Amino acid sequence: MSISTFGDLASTFLTRRHSTQLRQEMTRLSTELSTGRKTDLGANTTGGYGAIAGLEHSLKLMSSHAQATNEARLMAETTQVALTTIHTQAQDLSTGLIAARSANNVTMLQTTALDAEQKFASIISKLNAGAGGRSLFAGAATDGPALADADTIITELMTAISGEVTAAGVSSAIDDWFNTPGGGFDTLGYQGADESYGPIRLGNGETATLPVRANDPEIRTLLAAVAKTVVLAEGALSGDLDQQKSLAEMSSNALLSAVDDTTMLQARVGAVEARIENAVAHNTAEQHSLELSYNELTAADPFDTAARLEELYSQLEALYTTTAHLSKLSFTDYMR
């Protein structure tokens with residue numbers, strides 16, 4: 001019977017090779033235990049890396065969709081807040097005008113006109129609002145304000161009505177300034193684009209467009225209605241209380257209609273908000289599903305990994321102990 005033996009040098013190489021393999025395996029398992037991910041994904045997945053690469057691509061795509069929907073949500077919500085504030089201010093001014101007309105008092109009418117001037121400036125400020133570095137009511141021109149400042153617009157309006165001596169004339173001139181194509185509002189007031197901002201990709205082929213611009217007819221009508229009271233504070237129809245009251249009445253009636261139109265604008269933005277929220281919910285569910293699939297393919301079981309690591313540690317310790325004993329073995333001990 002023959003017995004296979006190894007020389008000292010061959011035994012040393014075998015021991016080193018076995019030790020290296022054990023240490024490499026321990027390093028791999030230690031990495032998996034600390035990261036929670038398998039180190040050799042291809043060897044643990046049917047079909048190699050194809051399935052994992054597909055999942056990683058889908059997860060990156062979902063991440064970009066999440067960023068887009070978050071930006072769209074911020075812009076839509078900020079737009080809605082601005083419209084709500086504008087709606088409230090228009091309602092308050094309408095109420096104040098009704099009281100001022102009923103009082104038949106020039107001082108109260110002038111006070112209301114001054115209040116309208118402040119509200120006009122506030123409305124312009126809201127329409128020039130931005131979110132995430134983008135102007136909200138300027139359409140596709142998101143890098144600048146939607147409207148000229150309130151003082152500039154009021155100055156232009158006072159020039160437009162300078163020759164008018166009746167409430168009807170002032171009201172008509174203001175309507176013309178805001179609504180005539182290529183008129184004062186188009187050339188001096190509105191500074192945005194005629195195209196709406198968008199489309200914003202929400203995922204799965206769905207897009208959203210911000211539906212309100214500061215040059216929409218509803219906004220023009222609202223600004224014109226407020227402006228008809230603002231010019232009273234700037235001296236329009238001065239000295240003629242009857243004509244001033246008549247202009248205030250025209251302003252009040254126009255505001256009532258404009259407030260209803262603003263409600264419709266809020267509803268349009270609300271519909272976009274609902275679509276964005278639906279897209280967020282759908283994208284979140286899909287992302288969670290992809291993450292579960294990805295984890296099933298790539299996650300390392302911490303209990304199995306720890307048990308295997310402990311087993312390798314014992315093997316390596318046994319190898320070192322055996323090697324240490326063999327290194328002390330003399331010829332006499334071997335012959336025994």
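Trainee: Trp177 first: buried or exposed?

Mentor: Buried, because its relative accessibility is 8%. Keep in mind that we're looking at a predicted model.

Trainee: Which geometry does its ring have with Phe185?

Mentor: The ring centres of Trp177 and Phe185 are 6.2 Å apart and the planes sit at 75 degrees, so that pair is edge-to-face.

Trainee: And how are the rings of Phe178 and Phe185 arranged?

Mentor: Those two are tilted, because the planes are at 40 degrees, with the centres 5.5 Å apart. Phe178 and Phe185 are both buried. For Phe185 the relative accessible area is 0%.

Trainee: Which residues end up in the ring cluster?

Mentor: Trp177, Phe178, Phe185 and Tyr190, linked by ring pairs.

Trainee: How many aromatic pairs are there in the whole structure?

Mentor: Four.

Trainee: Okay, zooming out. What's the order of helices and strands along the chain?

Mentor: It reads α-α-α-β-β-α-α-α-β-β-α-α-α-α. That's ten helices and four strands.

Trainee: How much of the chain is buried?

Mentor: Of the 336 residues, 37% are buried. On the outside, the chain exposes about 18000 Å², and carbon and sulfur atoms supply 54% of that.

Trainee: What about contacts between residues far apart in sequence?

Mentor: Take the contacts between residues at least 6 apart in sequence: 76% of them join residues at least 24 apart.

Trainee: Now the core. Which residues have the most contacts inside the largest nonpolar one?

Mentor: Phe120, Phe137, Leu147, Ile174, Phe178 and Leu223, in a core of 69 residues.

Trainee: Which elements give two or more residues to this core?

Mentor: On the helix side, α2 (50–103), α3, α4 (150–160), α5 (167–179), α7 (217–233) and α8 (241–298) do, and strand β3 (200–203) does too. As background, nonpolar side chains in soluble globular proteins tend to be buried together.

Trainee: Let's pick Ile174 from that list. What is it in contact with, leaving aside neighbours within four places in sequence?

Mentor: Leu157, Ile161, Ala224, Ala227, Lys228 and Val231. Ala227 is a good one to follow up, as it lies in helix α7. The C-alpha atoms of Ala227 and Ile174 are separated by 7.6 Å, with their positions 53 residues apart along the chain.

Trainee: Why does Ala227 count as buried?

Mentor: Because its relative accessibility is 0%, and the cut-off for buried is under 20%. Beyond its neighbours within four places in sequence, Ala227 is in contact with Phe120, Leu157, Ile174 and Phe178.

Trainee: So what's the geometry between α5 and α7?

Mentor: Their axes come within 9 Å and cross at roughly 145 degrees. The crossing of α5 past α7 is right-handed.

Trainee: Which residues make that contact?

Mentor: From α5 you have Val170, Ser171, Ile174, Asp175, Phe178 and Asn179. From α7 there are Arg220, Leu223, Ala224, Ala227, Lys228 and Val231.

Trainee: Switching to backbone angles. What's the phi of Leu237?

Mentor: About 55 degrees, so to speak on the positive side, although Leu237 is not a glycine. Leu237 is found in the loop between α7 and α8.

Trainee: Is that leucine buried or exposed?

Mentor: Leu237 is buried, because its relative accessible area is 10%.

Trainee: Next, Thr112. Where is it?

Mentor: Thr112 sits in helix α3, which covers residues 106–127. Thr112 is buried as well, with a relative accessible area of 10%.

Trainee: What is Thr112 in contact with, leaving aside neighbours within four places in sequence?

Mentor: Leu93, Gly96, Leu97, Ala100 and Thr229.

Trainee: Last one, Gly203. Where is it found?

Mentor: In strand β3. Gly203 counts as buried because its relative accessibility is 7%.

Trainee: And how far is Gly203 from Ala279 in space?

Mentor: 7.0 Å, C-alpha to C-alpha, although the two are 76 residues apart in sequence. As for contacts, setting aside neighbours within four places in sequence, Gly203 touches His65 and Asn283.

Conventions: Residues are numbered from 1 along each chain as its sequence is written. This is a predicted model: local features need pLDDT of at least 70, side-chain atom pairs count only at pLDDT 80 or more; totals for chains, interfaces and linings use all residues. Side-chain values use heavy atoms; hydrogens and water are left out. Buried means under 20% relative accessible area, exposed over 50%, partly exposed in between (1.4 Å probe, protein chains only). Contact means heavy atoms within 4.5 Å. Rings of Phe, Tyr and Trp (its six-membered ring) pair if their centres lie within 6.5 Å; planes under 30 degrees apart count as stacked, over 60 as edge-to-face and the rest as tilted. Accessible areas come from the Shrake-Rupley method with a 1.4 Å probe; for residues, only the protein chains shown count as cover. A nonpolar core is a set of buried Ala, Val, Leu, Ile, Met, Phe, Trp, Tyr and Cys residues joined through side-chain atoms within 4.5 Å. Axes are lines fitted to C-alpha atoms, for helices over the stretch in contact, and angles run from 0 to 180 degrees between N-to-C directions. A crossing is left-handed if the near helix is turned anticlockwise from the far one by less than a right angle, and right-handed if clockwise.
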